[in-house]
Every structure is written in C-alpha cells, then in structure tokens.
Amino acid sequence: MLRVITLLVMLLFVACSGTISRVTKDGTPPPIDASQVVDAVLRPDAILAQGNKSPYTVNGVTYRILASAAGYQEEGLASWYGTKFNGRQTSNGEIFDVYAATAAHKTLPLPSYVRVTHLDNGRSMIVRVNDRGPFHSDRIIDLSYGAAVKLGYADQGTARVRVEIIELAGVDDRRNNDGSAYRNLQLGAFSDLASAQRLAEQVSAIVSAGVYISPTDTSGGRLYRLRAGPFESEKHLRQNQHALRSAGFPPGQPLP
C-alpha cells in the first residue's frame, strides 16, 4: 500500500512539474486587464548609436536599419514576447517591461513610435519601438505582452496588424547629442476623462502641435494628463505658451 501511495505521489509531482515547465516555456506573464495598458507617451527621443548598428546579422540573415522612418507603413503578422525577456535590456539599452507599450522591429530606427492596429477587431494603440526582432520571416513586429492584451490577441499569439510610423516634429538622426530643450507641455491632469477631452478639443485649435491624453495610474487613482507637443524647438514651445495665455488658457508646464 505504501509503495502504491509513493508511486501516486511521484506521478502527481511529475505531472505538476510538466505543467510548470510548459508555463515557463510559454513565457505568459500574470494576466492584466486591457484598461491598465496605456499608450506610449510621445517624445522626441534622440536616435543614438546603441541599437542602430547597420547592417547587422541574426541567424544568417542581414538586416539594414532604415535611413528614415518617414512614411513607413506596413501590414503583416504581429506576435508578442513575455516573461523570458522581462527585466532584460532591449537593443537600445532600456529595460523590457512585459506590460509596457513597447515593441521590437527589425529595421526601424530605435527608438521610434508607431501606431499598431489590429485589422480583425479595429483596436489600435501607440507603442514605442525599442528592441530588435521578431526574427521570423512571416512577422513584421513583436509587441510586449501588455500591448498584445490591449489589442486583443494575447491568447491567439499572433494577429494581422497595420503598423504606421508616428512622425514627431524636430526628431532627426541625432546620434551624438540631443539638446536639453523642453519639447512638450503638460496642460493639466484630470481624474475625469471627459474633462480632459473637452480641454483637448479647445486647445487643439490654438496649439500648433499635437494634443494628446496620457493616462497614468497613481496611488489616488487614474489620472488623464493632457499634453501638447512635441514642439520643433524651445522657441516654438514658448510661442505656443504665449498663444495659450492670449486665448485665456494656462500656459502649461514645460516637459523634456
């Protein structure tokens, strides 16, 4: 009887071990609600040398970084990556977070910002491209697990998407040094999304740059930060602050 019990325990252990192994290999992080994944915040980052070596070779295939991402748009298959890479450095030296709105691309300059649209359900979001991959011939972009949840294909593993570059004013190939000028304005932070949207509609007719809402979760709850930018220069930013004052709005807080 003791021998039978021992055998059953061993079989149960092996079965459990196999399950754990499959979960680890799969790399699926703990679930997250799609509402908790927010768009990447647009900012005019410098395109530095790290992560932008061109050409480069992976698995015998040579890739060349695009000299310019202007006008880039492509449709194809998207995949996602998870816990196996969480906490590791991306190709441009940032730390990969499975829940952040980031992505890997084979040839876009790092970092870049793209809008990814799930062609089967219409969901769309902005992600920051800060890594290289996916190195599969049938895939054009690899999103973080969180972004895949947001777009609604995490369970399926892949999805048909459209990838479109977001061109930011004042961003160029600044591989040596990026000036410290302020390039964005924060116009307010609201606990109510509708309030942020109303102000966005009002100031978008005044500001000569993009106006966007950036949600963030704080200890006091979710806030909707209204921002404008990026601006071509600090002078351009100051001109827009003056225009806001003249129209009776607060001038906003400059942000890098």
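**Helix α4, two buried polar residues and the cores**

Student: What covers the buried residues of α4?

Tutor: Bear in mind that we're looking at a predicted model. The residues of α4 that count as buried are H236, L237, N240, Q241 and L244. Their cover includes β9 (184–190), α3 (193–203) and β12 (253–255).

Student: How far apart should the ends of α4 be, at 1.5 Å a residue?

Tutor: Helix α4 has 13 residues, running over 234–246. At 1.5 Å a residue that should give a span of 18 Å, and the end C-alpha atoms agree, sitting 18 Å apart.

Student: Are the buried residues of α4 on the same side or on opposite sides?

Tutor: The ones to place are H236, L237, N240, Q241 and L244. They take up an arc of only 145° around the axis, so they fall on the same side of α4.

Student: Which residues are exposed on the other side of α4?

Tutor: We've just put the buried set on one side of the helix. Turn to the other side of α4 and you find these exposed: K235, H242 and S246.

Student: Is Q241 buried or exposed, and which backbone oxygen does its side chain reach?

Tutor: Q241 lies in helix α4 and has a relative accessible area of 5%, so it is buried. Its side chain makes a polar contact of 2.9 Å with that of R238. Leaving aside neighbours within four places in sequence, Q241 is in contact with L185, P251, G252 and P254. The backbone oxygen its side chain reaches, at 3.4 Å, is that of P251.

Student: Over in β6, which side chain does N130 join through a polar contact?

Tutor: N130 sits in strand β6 (residues 124–131), and its relative accessible area of 3% makes it buried. Residues up to four places away in sequence aside, N130 touches T90, S91, N92, E94, T102, A103 and L110. The polar contact, 2.9 Å, is with the side chain of E94.

Student: Which element gives the most to the largest nonpolar core?

Tutor: That core has 39 residues, and V114, V116, V127, I141 and L143 have the most contacts inside it. Elements giving two or more residues include β5 (112–118), β7 (139–144) and α2 (145–151). With five residues, the element that gives the most is α2.

Student: How many residues are in the other core?

Tutor: It lies apart from the largest one. Among its members are L185, A200, V203 and A228, and the size of this core is 11 residues.

Key: Residues numbered from 1 in each chain as written. Predicted model: local features only at pLDDT ≥ 70, side-chain atom pairs only at ≥ 80, totals over all residues. Heavy atoms only, no water. Helix = DSSP H or I, 4+ residues; strand = E, 2+ residues; numbered from the N terminus. Expected span 1.5 Å × (residues − 1). Buried < 20%, exposed > 50% of the residue type's maximum accessible area, 1.4 Å probe, protein only. Arc of directions from axis to C-beta. Contact = heavy atoms within 4.5 Å. Polar contact = N/O pair within 3.5 Å; in protein donor to acceptor, adjacent residues only side chain to side chain. Core = buried A, V, L, I, M, F, W, Y, C linked by side-chain atoms within 4.5 Å.
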